[in-house]
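Student: I would like to learn how to read a model of this kind with care, one feature at a time. Could we go through it together?

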Amino acid sequence: MTMISDLPQDLVENVLSRVPLMTSMRKVRSTCKRWNALSRDPDFAKRFVKGLSTLIIMRSEFRLWLMRVDFQGSLNNKYDLDVAPYVKEDNRRLVVWNPYLGQTRRIKPRIAFHKRDLYALGYDVNKKQKILRFLDDNTTFRNPYFVYEIYDLKSSSWRVLDVNADWEMDYYHRGLSLKGSAYFFAKEKMEWDGEEEIDVTDQETFLLCFDFTRERFGPRLPMPFHSHAEETVALSSVREEQLAVLYQGDSSCLVEIWVTNRIEPNAVSWRKVFLSVDIEPFFGLHQFDFSGGSFIIDEEQKLALIFDKDKEYIHNTAYPIGENGYYKTLDLGEDRYHREKTGEYTSMPLVCSYFPTLVKIQQRARRGKRKERDY
């Protein structure tokens, strides 16, 4: 009788390439040693990943879900949001997760977490993985709170960074990691005495990059538009190579998306508008949430999938939009967990794009024969 492990190589690869959703790889790897080794082979992984639809990580009820988005099916009025197994968030530790390898690592904070913390994962020129954590909370005028620190996954240690910021970031603009660096939407820091109102319409806005090699923020990088408070701005990555940005004014139904030609820690250039859609004929006078919105794009089909929250930050909806009047509304259900548990709203972005990788999460160095635990 022919065993699974005895199947020809080309047949095995054909079978694995048809596995529904990348995260089914856990079952594949437990089938036999040969399939486990093949799933981790870089050449196979590249071919396998190339055939996948767009992958996203969605946040809901303090869980992170990996989902597959079928843009091709959307043109036939079918939209496939395939949900995979999830990993639970941990409110006492950071969780680093590689869904493709099924690998996680939990990290203790140096000081207690804050609900307005910002984080980014990256690596330096020597491929050492690091986590940036910072908090720039000036919502309380008389008691501002600032934290800037970095965690080295190899040495399992936190270090405080010396940052003298002439900019500020809203905590709901979470930024994204791209080619080892982290990019954030930021704005000019404005002095406020806690009493008089200030005019934010002329406040400069820009991109900031954190370089994990130099361990510092770079110069201000220009945006392709000017925006101000309560206008919708969201960042997304494109094929792990370029950066995309969505903009919608606070009194406009015009949604515009730009994609970079070049993006580096010290320089950026933008293409012409990738997509420009007036959504009023489809959704009425609607503004995508300026604090909880997020999106992904399909370059070939010139489509965008925008994820949105209602005013109570409970109900989640996805809006596929494109050229020539293409639009649709997808109900993603409710997320009452955070509100019911804490009594607070949560305006964290609903999704981020994900590109599968064979890069392992670095573990701290072992000393002698002692077995080290992840924290």
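Student: Is glutamate 149 buried or exposed?

Tutor: Burial is judged by relative accessible area, where buried means under 20%, exposed means over 50%, and partly exposed lies in between (1.4 Å probe, protein chains only). Glutamate 149 is buried, with a relative accessible area of 0%. Please keep in mind that this is a predicted model, in which local features need pLDDT of at least 70 and side-chain atom pairs count only at pLDDT 80 or more, while totals for chains, interfaces and linings use all residues. Residues are numbered from 1 along each chain as its sequence is written, and side-chain values use heavy atoms, with hydrogens and water left out.

Student: What does pLDDT average over the protein?

Tutor: pLDDT is the predictor's confidence in each residue, on a scale from 0 to 100. The average for the protein is 78, and 68% of the residues score at least 70. Among the elements, where strands are DSSP runs of E with at least two residues, numbered from the N terminus, strand S18 (residues 267-270) has the highest mean pLDDT, 96, and strand S3 (residues 80-88) the lowest, 52.

Student: Where does pLDDT stay under 50?

Tutor: Where pLDDT is low, the predicted coordinates should not be read in detail. One such stretch is residues 75-83, for which the model has 30 contacts (heavy atoms within 4.5 Å) beyond four places in sequence; another is residues 369-375, with 15 contacts counted in that way.

Student: Which residue forms a salt bridge with glutamate 149?

Tutor: Side chains of opposite charge can pair when their charged atoms come close. The rule used here asks for a side-chain nitrogen of Lys or Arg within 4 Å of a carboxyl oxygen of Asp or Glu, and by this rule the count comes to 13 salt bridges. The partner of glutamate 149 is arginine 110, the closest N and O atoms being 2.5 Å apart. Arginine 110 lies in the loop between strand S5 (103-107) and strand S6 (118-123), whereas glutamate 149 belongs to strand S8 (residues 145-152), so the pair ties together parts that are 39 residues apart in sequence. Unlike its buried partner, arginine 110 is partly exposed, at a relative accessible area of 41%.

Student: Which residue meets arginine 159 in a salt bridge?

Tutor: That residue is glutamate 215, with an N to O distance of 2.7 Å. Arginine 159 sits in strand S9 (residues 157-160) and glutamate 215 in the loop between strand S13 (205-211) and strand S14 (216-217), so the pair ties together parts that are 56 residues apart in sequence. Arginine 159 counts as partly exposed at 34% relative accessibility, while glutamate 215 is buried at 18%.

Student: How many cavities of 30 Å³ or more are there?

Tutor: On a 1 Å grid over the protein atoms alone, a cavity is a set of points where a 1.4 Å probe fits but cannot get out, and lining residues have an atom within 4 Å of a point. Grid points are joined across faces, edges and corners, and a volume is the space filled by probe spheres set on the points. The count comes to two. The largest has a volume of about 70 Å³, and its lining includes Asp170, His173, Lys187 and Glu230. The second largest has a volume of about 30 Å³, with Leu246, Phe288 and Ile306 among its lining residues.

Key: Helix = DSSP H or I, 4+ residues; strand = E, 2+ residues; numbered from the N terminus. 1 Å grid on protein atoms, 1.4 Å probe; cavity = no way out; pocket = protein on both sides within 12 Å on 5 of 7 lines; lining within 4 Å.
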